[in-house]
Amino acid sequence: MKKYNTPLIDDLEKGPWPSFVTEMKKAAKTNEMANDAVGHLEKCYSTKVGYWKHGGIVGVLGYGGGVIGRYSELGNEFPGVAHFHTVRLNQPSGFFYTSKALKEICDIWDKYGSGLTNMHGSTGDLVLLGCRTESLEAIFAEYSSRGWDLGSSGSALRTPSCCIGPGRCEWTNYDTLDLTYALTQEFQDEMHRPAFSYKFKIKSSGCACDCVAAIARADMSIIGTWKGDILIDQAEVQNYAKKGMDINAEIVNMCPTQCISYDGKAMKINNAECSRCMHCITKMTKALKASGERGATICIGSKAPIVVGSLLSWVIVPFIKVEPPYTEVKDMIRKIWDWWDENAKPRERIGEVIEMKGMRSFLEAIGVPPQPQQIKEPRKDPFMFYTEDDIAAYKAKEAEEKKTGKYKF
């Protein structure tokens, strides 16, 4: 096996953090594709040119996505990366794996591919890096025979993902794991046969801590919340103070809605003003906890920059019950897709279309009434609009009041 001199990428192994170069070199000891990938990477750094050709129609029978075509312009110099396709596997909800399952994935990948993986990186998927075209059907056959399925890619519903939810977290307000599994099963066709204008991501978080960063990364964010008061254990509040916590500095003054007060003896919360951000609960885990009816807030439209700049999600449904069989959530998703399909140009995410067409037409299309919580930014610009019928009704009322003398400027 040819050894490559790699002075430039060797620098990426220096410093306190684990390096992907180190892992590539480990794989290169036993795999020719990984070995050529190391040499190819050094070549890209030395010439400051990327030689990857993205795209091409590659995949497996019956699926429109799940495999991302990659070819190198330097196939003659580095034959191991002439074909270097990326294969995505549909990960389990909450990224829960057994050691046996991980070994099974890696054994099959070592047999057919480069041995290089990317576990839930920026895309969130379980990604297998580097495979030749002629091996794709064989890989898919082996994985599917063991119960695995391909993930999603392209202009489709991307593989739904979620936080660990009730699997390990006491703060979750709904079963994120079950919802993600149900949506994955419900929308198999939308995942595997790309028919959208562009990608559509659904991410589910059990509370506002948002451990999967749904508010910034998902076209549709389903974030857990609650309706009741925050329950206070005053004895535990005093314990936090005795242990050195500056409650006024760390809790009261950092409350975004300033709904908490503390006089050195007791803590009070004006729950009507609370935005359910979770900051106080996560800092005082033994003293505070949510109560009452549980559900989720649905937000829409976040994305990284492509057509327009980065967007954060925008609240469209302040509170919705999230319980099996999730009929209300599924119906809303279908309405959202119908409006997006009617209005989007190719490669326009739904947040960009809402920016251009307006939230008003979007809400009318999905049948959600305007509400004070549908704000663009916290504590700023309440979202309000009037239809032609509203204006006509107002003018009729105004005319009537002028006749009766009740009208006032």
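These legends describe close-up views of a predicted model.

**View 1. A nonpolar patch on the surface.** L8, L12, F20 and Y45 make a nonpolar surface patch. The patch covers about 350 Å². One of its members, L8, sits in helix 1, residues 7-10. L8 is partly exposed, with a relative accessibility of 38%.

**View 2. The aromatic pair Y4 and F78.** The whole structure holds ten aromatic pairs. In the pair of Y4 and F78, the ring centres are 5.5 Å apart. Their planes meet at 45°, so the pair counts as tilted. The two residues come from distant parts of the chain, 74 residues apart. Y4 belongs to the segment before helix 1. F78 belongs to the loop between strand 3 (70-72) and strand 4 (86-89). Both rings belong to buried residues: Y4 has a relative accessibility of 19%, and F78 has a relative accessible area of 3%. The value for Y4 falls under the 20% cut-off, so Y4 counts as buried.

**View 3. The aromatic pair F196 and W337.** The ring centres of F196 and W337 lie 5.0 Å apart. The planes are at 50°, which makes this pair tilted. Here too the partners come from distant parts of the chain, with their positions 141 residues apart. F196 is in the loop between helix 7 (188-192) and strand 8 (202-205). W337 is in helix 12, residues 327-343. F196 is partly exposed at 21% relative accessibility, whereas W337 is buried at 7%. Buried means under 20%, so F196 does not count as buried.

**View 4. An aromatic cluster around the same pair.** F196 and W337 also belong to one aromatic cluster. The other members of the cluster are F187, F200 and W340.

**View 5. A salt bridge between helix 1 and helix 2.** The whole structure holds 19 salt bridges. One salt bridge joins K25 and D10. The closest N and O atoms of K25 and D10 are 2.4 Å apart. K25 is in helix 2, residues 20-28, and D10 is in helix 1. The two residues are 15 apart in the chain. K25 is partly exposed at 24% relative accessibility. D10 is partly exposed as well, at 27%.

**View 6. A salt bridge within helix 2.** E23 forms a salt bridge with K26. The closest N and O atoms of E23 and K26 are 3.5 Å apart. Both residues lie in helix 2. They are three residues apart, about one turn of the helix. E23 is partly exposed, with 43% relative accessibility. K26 is partly exposed too, with a relative accessible area of 48%. Exposed means over 50%, so K26 does not count as exposed.

**View 7. A salt bridge from helix 3 to a loop.** The side chains of K43 and E77 meet in a salt bridge, 3.6 Å from N to O. K43 is in helix 3, residues 32-47. E77 is in the loop between strand 3 and strand 4, so the pair ties together parts that are 34 residues apart in sequence. Both partners are partly exposed: K43 has a relative accessible area of 26%, and E77 has a relative accessibility of 38%. The loop between strand 3 and strand 4 also holds F78, the aromatic partner of Y4.

**View 8. A network of salt bridges.** Salt bridges link K227, E293, K321 and E323 in a network.

Technical notes: Residues numbered from 1 in each chain as written. Predicted model: local features only at pLDDT ≥ 70, side-chain atom pairs only at ≥ 80, totals over all residues. Heavy atoms only, no water. Patch = residues over 30% accessible without salt bridge, like charges linked within 9 Å, V, L, I, M, F, W, Y side chains within 5 Å. Areas by Shrake-Rupley, 256 points an atom, 1.4 Å probe, with all protein chains shown as cover. Salt bridge = Lys/Arg side-chain N within 4 Å of Asp/Glu carboxyl O. Helix = DSSP H or I, 4+ residues; strand = E, 2+ residues; numbered from the N terminus. Buried < 20%, exposed > 50% of the residue type's maximum accessible area, 1.4 Å probe, protein only. Phe/Tyr/Trp six-rings, centres within 6.5 Å; stacked < 30°, edge-to-face > 60°.
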